[in-house]
Amino acid sequence: MPLHWPRLRRTQQWQLLAIRIFSTHIPPELRFVNKKITEMIRGGRLEDARALFDKLSNRNTVTWNSMLSGYVQRRELARARKLFDEMPKKDVVSWNLMISGYVSCRGWRHLEEGRSLFDEMHERDFVSWNTMISGYAKNGRMDDALRLFDCMPEKNVVTWNAMITGFLNNGDAKRASDFFKRMPRRDAASLSALVSGLIQNGDLDEAENVVLEYMKTCDRKEDLIHAYNTLIAGYGQKGRVADAQRLFNQMGFEKNVVSYNSMIMSYAKAGDMSSARELFDQMKDRDNVSWNTMISGYVHVSDMKAAVKLFYEMATPDALSWNSIISGFAQAGKMELALDYFQIMPQKSLVSWNTIIAGYEKNAGFKEANELFVRMQAEGVKPDRHTLSSLLSICAESADQHFGMQIHQLVTKIVIPDSPLNNSLITMYARCGAISEARTVFEETKFRIDVISWNAMIGGYASHGFAKEALGLFESMKSFKVRPTYITFISVLSACAHCGLVEEGKSYFKSMICDFGIEPRVEHFASLVDVVGRCGQVEEAMHIINRMPIEPDKAVWGALLGACRVHGNAELARVAAEALMRLEPESSGPYVLLYNMYADAERWSDADEIRVMMEKNNIKKERGYSRVDSSCS
């Protein structure tokens, strides 16, 4: 959704520019130095700019504002404020820059600092008011934004747009629409902001009503085209292709390339590549978005032949085109072809590296992914959180704790870890058996973690036999008011099975349904059968299977068969084994396990029957491996 806070920053830049243009009394050498400082800041050389600033014996307000702008852009607010306080003379741009720095950072303290400066200003302009209103809106304080809006002596279109965007970002579509209707003067940006916001809030029908109402009073039909395009794309994103097509067909003015792209995207997202191609072929003018939408659409429906053909028809494939082809082959498991395209790609972006590394991760090419990462670093490409997340997944799958610890060090150096990265770290350490390290990461982020973090830690404990710790953490999770998911209960039931806690397992299963409204899946039934069966209650386990509302799978029957093996119930073992034979007709596991049970009980005629069945069905014993043993361990 297009936001209008960046426009305030652009306005401040124009203010700076206007001061430079009209301040003709500035000596040429100072004007040159001011320009030099601005260029350094734009080039990311903030420290060099400061060194030049400090050497100057003669500075003007523009010099100070340029330096202040650099600190604000980099969010170095402590240094910005120190410089602001040292300024011998401040103008409205100086105040606006400092206020915008504070309100651009989320948090009550920064917002109050910005408001304090706003209240100190002797003279305010549109930018001052709009910046403060937008700051309140961005931080969800719409009542404060509204009070300031009502006090504003004169409002412009940006002011109204800031309020509309604020209401939409805070989920209040009704008040946003009311404000739009009250606007004394609207522009295309106002309409687009409202339509985008309504779409983001899921109010597509209301968005269409707004566009149709606006069309009745709008003389400039070109103002409507962006709103129409946004609405078509919105319908496409929500899968309402018929509505998107209806709007596209009823546009009473000339469609532009974005109109066609939006409609093609709608078809492609729905997997209707035939309709997408028909519209694509009708286009007089195409841009790279048109081509890339078609290519990614073909990739989406796994038609790599059509995707590659279109790729080679493009005049100038860009990074997105190449990445789509690489991603498509990776999704199809054809990593050699994916690597071939990656190798010949003229300019590799960070996304390209992430795509090929993630492809190898998904296709278990752990060695190749590691080698690519080493090469990526050697070529000076800095990894981001997506790169690191893929590498942590590789470490988890291959149980490579040493490499995982190296990636953990990179995480702390390169990025500020977010929930997905912390979850990846917890999972990696847990899969590697480093439970204490996993718990350390978990505890460091306890007050800002999500349910996935809890699941990863509880699952780690459960999978390594630390049932007491898993169940204790589950109770702690509930005390933190974190709502468990179906995955949580799979781990909880598994922990109960390891500990032999039959009654607790039954209680958790019942709580999952009654207290949290989670419909049990086949995995939960498999765990419950395991809980009951391990303690010798194999008849009750069979009773649970008979009452299942869904078809039992190999995990369910495997749990019963494993319990029967341990507790010597050959009759129910045969029921479970025959069910597994039907589900996995080529597996020797059920036959071998049942044969061994009969042999141990000296029931030789039954054992011979199983051997004959194996020969008749051409079942070969798998050396050193039993699928059933694996599922029951």
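How many residues line the largest pocket, and which of them lie nearest its centre? In this predicted model, the lining of the largest pocket comprises 35 residues, with R431, G459, S463, I490 and S491 lying nearest the centre. The pocket has a volume of about 970 Å³. The structure also holds 23 aromatic pairs, and two residues other than glycine, R75 and A399, have a positive phi. The points below are grouped by topic.

**The largest pocket**

- Rolling a probe the size of a water molecule over the atoms shows where empty space is left.
- By type, the lining of the largest pocket divides into 15 nonpolar, 15 polar and five charged residues.
- Several helices each supply at least two residues of this lining: α24 (385–398), α26 (419–431), α28 (451–463), α30 (486–499), α32 (522–534), α34 (554–567) and α38 (627–632).

**Aromatic pairs**

- A pair of aromatic rings is described by the distance of the centres and the angle of the planes.
- Among the 23 aromatic pairs of the structure is the one formed by F118 and W129, which is edge-to-face, with 5.1 Å from centre to centre and 85° between the planes.
- This pair links distant parts of the chain, since F118 belongs to helix α7 (residues 108–120) and W129 to helix α8 (residues 126–138), 11 residues apart.
- F118 has a relative accessibility of 2% and therefore counts as buried; W129, at 10%, also counts as buried.
- The pair of F489 and F516 is tilted, because the ring centres are 5.8 Å apart and the planes stand at 55°.
- Distant parts of the chain are linked by this pair as well: F489 lies in helix α30, while F516 lies in the loop between α31 (502–514) and α32, 27 residues apart.
- F489 and F516 are both buried.
- Elsewhere, ring pairs join F311, Y312, W322, F329 and Y341 into a cluster.

**Arginines over aromatic rings**

- R124 is placed over the face of F118, at 4.3 Å from the ring centre. The ring of F118 thus takes part in the edge-to-face pair with W129 and also has R124 over its face.
- R182 is placed over the face of F179, at 4.6 Å from the ring centre.

**Residues with a positive phi**

- Most residues other than glycine have a negative phi, and most peptide bonds are trans.
- R75 is not a glycine, yet its phi is positive, at about 60°. R75 sits in the loop between α4 (61–73) and α5 (77–86).
- With a relative accessible area of 48%, R75 is partly exposed.
- A399, another residue other than glycine, has a positive phi near 55°. A399 belongs to the loop between α24 and α25 (401–414).
- The relative accessible area of A399 is 45%, so A399 is partly exposed.

**The surroundings of G359**

- G359 is part of helix α22 (residues 350–362).
- Its relative accessibility is 5%, so G359 counts as buried.
- Leaving aside residues up to four places away in sequence, G359 touches A330 and M335.
- From C-alpha to C-alpha, G359 and A526 are 32 Å apart in space, and they are separated by 167 residues in sequence.

Conventions:
Residues are numbered from 1 along each chain as its sequence is written. This is a predicted model: local features need pLDDT of at least 70, side-chain atom pairs count only at pLDDT 80 or more; totals for chains, interfaces and linings use all residues. Side-chain values use heavy atoms; hydrogens and water are left out. On a 1 Å grid over the protein atoms alone, a cavity is a set of points where a 1.4 Å probe fits but cannot get out, and a pocket is an open set with protein on both sides within 12 Å along at least five of seven lines; lining residues have an atom within 4 Å of a point. Grid points are joined across faces, edges and corners, and a volume is the space filled by probe spheres set on the points. Helices (H or I, at least four residues) and strands (E, at least two) are DSSP runs, numbered from the N terminus. Ala, Val, Leu, Ile, Met, Phe, Trp, Tyr, Cys and Pro count as nonpolar, Asp, Glu, Lys and Arg as charged, and the others, Gly among them, as polar. Buried means under 20% relative accessible area, exposed over 50%, partly exposed in between (1.4 Å probe, protein chains only). Contact means heavy atoms within 4.5 Å. Rings of Phe, Tyr and Trp (its six-membered ring) pair if their centres lie within 6.5 Å; planes under 30 degrees apart count as stacked, over 60 as edge-to-face and the rest as tilted. A charge sits over a ring if NZ of Lys or CZ of Arg is within 6 Å of the ring centre and within 35 degrees of the ring normal.
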